[in-house]
Amino acid sequence: MEITGTITKVLPERKGAGQHGEWRVASYVLVTGGLRPSYFVFDVFDGMDGRINRLGIEAGKEMTIYFDIDAHEYQGKWFNTIRAYDAREVKKEG
């Protein structure tokens, strides 16, 4: 899936370590335009490929975000995860 909007916030990064080594997750808020703007929070998981830095997501940029939505269960409750795998800055004409 994909969505285009403006990045309004870069949230604090989370870090940890697991069986497969260290990991980082960066979270961002994107708002779509129009009469009724919608807000989305999505994560970028950074394993060993440096994806967070490579995607170059920054507050104020208009971007198209390519993402997957997945759900998981924890203690009998279900949660959605929106995880971006690619991002491209929208080129402005002119």
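This report covers the salt bridges of a predicted model and the surroundings of Thr-32. Local features need pLDDT of at least 70 and side-chain atom pairs count only at pLDDT 80 or more, while totals for chains, interfaces and linings use all residues. Residues are numbered from 1 along each chain as its sequence is written, and side-chain values use heavy atoms, with hydrogens and water left out.

The structure holds five salt bridges, a salt bridge being a side-chain nitrogen of Lys or Arg within 4 Å of a carboxyl oxygen of Asp or Glu. Among them are these pairs:

| Pair | Closest N and O atoms |
|---|---|
| Arg-14 and Asp-43 | 3.7 Å |
| Glu-89 and Lys-61 | 3.8 Å |
| Arg-88 and Asp-86 | 3.0 Å |

Glu-13, Arg-24 and Asp-46 are linked in a network of salt bridges.

Helices (H or I, at least four residues) and strands (E, at least two) are DSSP runs, numbered from the N terminus. Arg-14 forms its salt bridge with Asp-43 across 29 residues, from strand β2 (residues 14–18) to strand β4. Relative accessible area defines buried (under 20%), exposed (over 50%) and partly exposed (in between), using a 1.4 Å probe and protein chains only. Arg-14 is partly exposed at 39%, and Asp-43 is buried at 16%.

In the Arg-88 and Asp-86 pair, Arg-88 is partly exposed at 48% and Asp-86 is buried at 17%.

Thr-32 sits in the loop between β3 (21–31) and β4 (39–46). Thr-32 is buried because its relative accessible area is 17%. Its contacts (heavy atoms within 4.5 Å), not counting residues up to four places away in sequence, are Ile-3, Thr-4, Gly-5, Pro-37, Ser-38 and Phe-40.
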